[in-house]
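Me: I have a chain open on my screen and would like to learn how to read it. Could you take me through it step by step?

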Amino acid sequence: MEKVTLNVKGMSCGHCINSIEGSVGELSGITTVKVNLDSGTVSVEFNPNEVTLDKIKETIDDQGYDVQ
């Protein structure tokens, strides 16, 4: 398993949390995904053999957020 914390801009409310955690959580290979609004981060634990970091970033971007 691999763990990464991404800086994500544009998150401000519960809908943002549900949107990101829901969409990323549906990807194959994701173990955990946790949004922290206060720090503007998304922590993800995933299996790199099943999903790439680029795919995770793309999924967050597709929800309308800016991954740094």
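Reply: Happy to. Let's begin with burial: a residue is called buried when its relative accessible area is under 20%, exposed when that value is over 50%, and partly exposed in between. Please keep in mind that this is a predicted model.

Me: With that cut-off, what share of the 68 residues counts as buried?

Reply: In this chain, 40% of the 68 residues are buried. The accessible surface adds up to about 4000 Å², and carbon and sulfur atoms account for 41% of that area.

Me: Now the fold. How many helices and strands does the chain have?

Reply: There are two helices and four strands. Following the sequence, they come in the order β-α-β-β-α-β. The radius of gyration is 11 Å, close to the 11 Å that the globule rule gives for 68 residues, so the chain is as compact as a globular protein of that length. Along the principal axes, the C-alpha atoms fit in a box of roughly 30 × 20 × 20 Å.

Me: How do I read contacts between distant parts of the sequence?

Reply: Two residues are in contact when heavy atoms lie within 4.5 Å. Taking contacts between residues at least 6 apart in sequence, 60% of them here join residues at least 24 apart.

Me: Which residues touch the most other members of the largest nonpolar core?

Reply: That core has 19 residues, and those touching the most other members are Val8, Ile20, Ile30, Val42, Ile56 and Ile60. Two or more core residues come from each of strand S1 (2-9), helix H1 (14-25), strand S2 (30-36), strand S3 (41-46) and helix H2 (53-62). Valine 8 makes a good place to start looking: leaving out residues up to four places away in sequence, its contacts include Ile20, Val42 and Ile60, and also Tyr65 and Val67.

Me: Let me try a single residue. Is threonine 41 buried or exposed?

Reply: Threonine 41 has a relative accessibility of 11%, so it counts as buried. This residue sits in strand S3. Apart from neighbours within four places in sequence, threonine 41 contacts Thr5, Leu6, Asn7, Met11, Lys34, Val35 and Asn36.

Me: Thr5 is in that list. Where does threonine 5 lie?

Reply: Threonine 5 is part of strand S1. Threonine 41 and threonine 5 are 36 residues apart along the chain, yet their C-alpha atoms are separated by 6.4 Å. Seen from its own side, threonine 5 touches Thr41, Val42 and Ser43, with neighbours within four places set aside. Its C-alpha is 11 Å from that of leucine 53, a residue 48 places away in sequence.

Me: Lys34 was in the threonine 41 list too. Is lysine 34 buried or exposed?

Reply: Lysine 34 counts as exposed, because its relative accessibility is 55%. The residue belongs to strand S2. Beyond its neighbours within four places, lysine 34 touches Glu21, Thr41, Val42 and Ser43. The C-alpha atoms of lysine 34 and glutamate 21 lie 6.5 Å apart, with their positions 13 residues apart in sequence.

Me: And what about residues in the loops?

Reply: Here are two to compare. Asparagine 47 is in the loop between S3 and H2, and its relative accessible area of 17% makes it buried. Outside the four-place window, asparagine 47 touches Met1 and Gly29. Glutamate 26 is in the loop between H1 and S2, and with a relative accessible area of 70% it is exposed. Its C-alpha is 18 Å from that of valine 67, which is 41 residues away in sequence.

Me: Last one: how many positive and negative side chains are there?

Reply: The chain carries 5 positive and 11 negative side chains. The centres of these two sets are 5 Å apart.

Key. Residues are numbered from 1 along each chain as its sequence is written. This is a predicted model: local features need pLDDT of at least 70, side-chain atom pairs count only at pLDDT 80 or more; totals for chains, interfaces and linings use all residues. Side-chain values use heavy atoms; hydrogens and water are left out. The radius of gyration is taken over C-alpha atoms; the globule rule is 2.2 Å times the number of residues to the power 0.38. Buried means under 20% relative accessible area, exposed over 50%, partly exposed in between (1.4 Å probe, protein chains only). Accessible areas come from the Shrake-Rupley method with a 1.4 Å probe; for residues, only the protein chains shown count as cover. Lys and Arg count as positive and Asp and Glu as negative; His and the chain ends are not counted. The place of a charge is taken as NZ of Lys, CZ of Arg, CG of Asp or CD of Glu. A nonpolar core is a set of buried Ala, Val, Leu, Ile, Met, Phe, Trp, Tyr and Cys residues joined through side-chain atoms within 4.5 Å.
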